[in-house]
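Hi,

Here is the structure I promised to pass on. Please have a look, and read my notes underneath when you have a moment.

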Amino acid sequence: MKLISDRLKNGEKPIGTFLNLGSQTAAECVAIAGMDYFIVDLEHSPFGLAEAADCIRMAKLKGISPLIRIPEISRANILKHLDVGAEGIIIPGLKTREEAEKIVEYGKYTPLGSRGFCPTRVCEFGYGDAFANGILEYTRKTNEETMLIPQCETLECLADIENIVSVEGISGIFIGPFDLSLAMGIPAQFDRPEFKEAITKVLTVCHEKNKPVFIFAPNKETARLRLEQGFDSVTVNGDLNVMTEAYMEIVKSIRA
Ligand code: 3PY
C-alpha cells in the first residue's frame with residue numbers, strides 16, 4: 001500500500017475526507033470510492049480511540065491511508081493515536097513553535113523525539129516484520145513514515161508559520177479555513193483578499209521549507225481550486241455532511 005508520505009514525495013496530490021461518523025463501514029465506503037486517505041476526527045466528533053482503531057483496521061484491509069485528528073496536544077493523545085496504527089496525526093489549534101516541538105517530542109522516536117516504545121499491536125499487526133531488522137530499524141522507518149501535521153488556524157500560528165514549520169520532524173501544515181477565517185474576524189469569507197493572502201503566505205513559506213500543505217475544502221469545486229492553487233492535498237468535506245447533503249438532495253427532488 002502506498003503511504004501518504006510517499007505519495008507526497010512522488011508529487012502526487014492525495015485526496016482525503018474526514019470521518020465524523022466514527023463508523024468503520026463509512027471508512028470502507030470512502031476507501032471503495034477511491035479516496036487516498038481519511039482523517040478520523042476526534043476533535044469534533046462524539047467518539048473516541050476505540051472507534052478510530054476500528055476505522056484504521058478497515059483502512060489496512062482496504063488499502064487507504066488512515067490519519068487521525070486528535071482533540072488536543074498531549075503525550076497521551078499523540079502516543080495512543082499513533083500506536084493504534086495511524087499513518088499520521090493532524091493537530092488542531094496550534095499556536096507556538098514550542099507546541100510544535102512538543103508534538104515532535106511525543107510523536108517521533110529517538111533521536112528526533114522521545115516517543116515511548118511498546119511492542120503492542122501496531123508492531124505485531126501493523127508492521128508484522130517490525131523486529132525482523134531490529135528495533136532501531138523499526139524506529140528509524142517509523143520516524144520516516146509517521147506524519148505530524150499541525151493545523152494553521154490561529155492568528156499566532158499564521159504570524160509565526162515560518163518558525164513553526166521549520167521544526168525538524170514537523171511533516172507539513174494543514175490549513176483549517178473555517179477556524180482561520182473565524183480567528184481573522186472574517187468567518188467563512190474565503191474570497192476576502194486578506195484571507196487569500198493568508199493562505200498564500202502559508203503555502204509559500206511551507207514550500208520554501210519543502211513541506212507540504214494540506215487544506216480543508218467544503219466541496220469539490222473548492223477542492224479543485226485549491227489543487228490548482230498549488231496545495232499538496234485537499235481534505236474534502238466529511239462522511240456526515242456528504243450523507244446529509246445527499247439525502248437532502250433526494251428529499252428535495254422527490255418533493256419538488
Ligand atoms: C477548519 O476549516 O477550521 C477545519 O479545521 C476543517 O475541519
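Below are some notes on the ligand site and then on three strands.

This is a predicted model, in which local features need pLDDT of at least 70, side-chain atom pairs count only at pLDDT 80 or more, and totals for chains, interfaces and linings use all residues. Residues are numbered from 1 along each chain as its sequence is written, and side-chain values use heavy atoms, with hydrogens and water left out.

The ligand first. Its shell (residues with a heavy atom within 4 Å) consists of Phe18, Arg69, Gln151, Glu153, Gly176, Pro177, Phe178, Asp179 and Phe216. By type, that is four nonpolar, two polar and three charged residues, with Gly counted as polar. Helix α10 (residues 177-183; helices are DSSP runs of H or I, at least four residues, and strands are E, at least two) gives the largest share, three residues.

Oxygen atoms of the ligand make polar contacts (N or O pairs within 3.5 Å): 2.8 Å to a polar backbone atom of Phe178, 2.8 Å to a backbone N or O atom of Asp179, and 3.3 Å to a polar side-chain atom of Glu153. The protein buries 90% of the 230 Å² that the ligand exposes when taken alone (Shrake-Rupley, 1.4 Å probe).

Now the strands. β4 (residues 88-91) runs parallel to β3 (residues 65-69), joined by three bridges (pairing needs at least two in DSSP); Leu67 is the bridge partner of Gly88. β4 also pairs in the parallel sense with β5 (residues 147-152) over four bridges, where Ile90 partners Ile149.

Best wishes

Definitions and conventions
A polar contact is a pair of N or O atoms within 3.5 Å; within protein, one must be able to donate a hydrogen and the other to accept it, and residues adjacent in sequence count only if both atoms are side-chain atoms.
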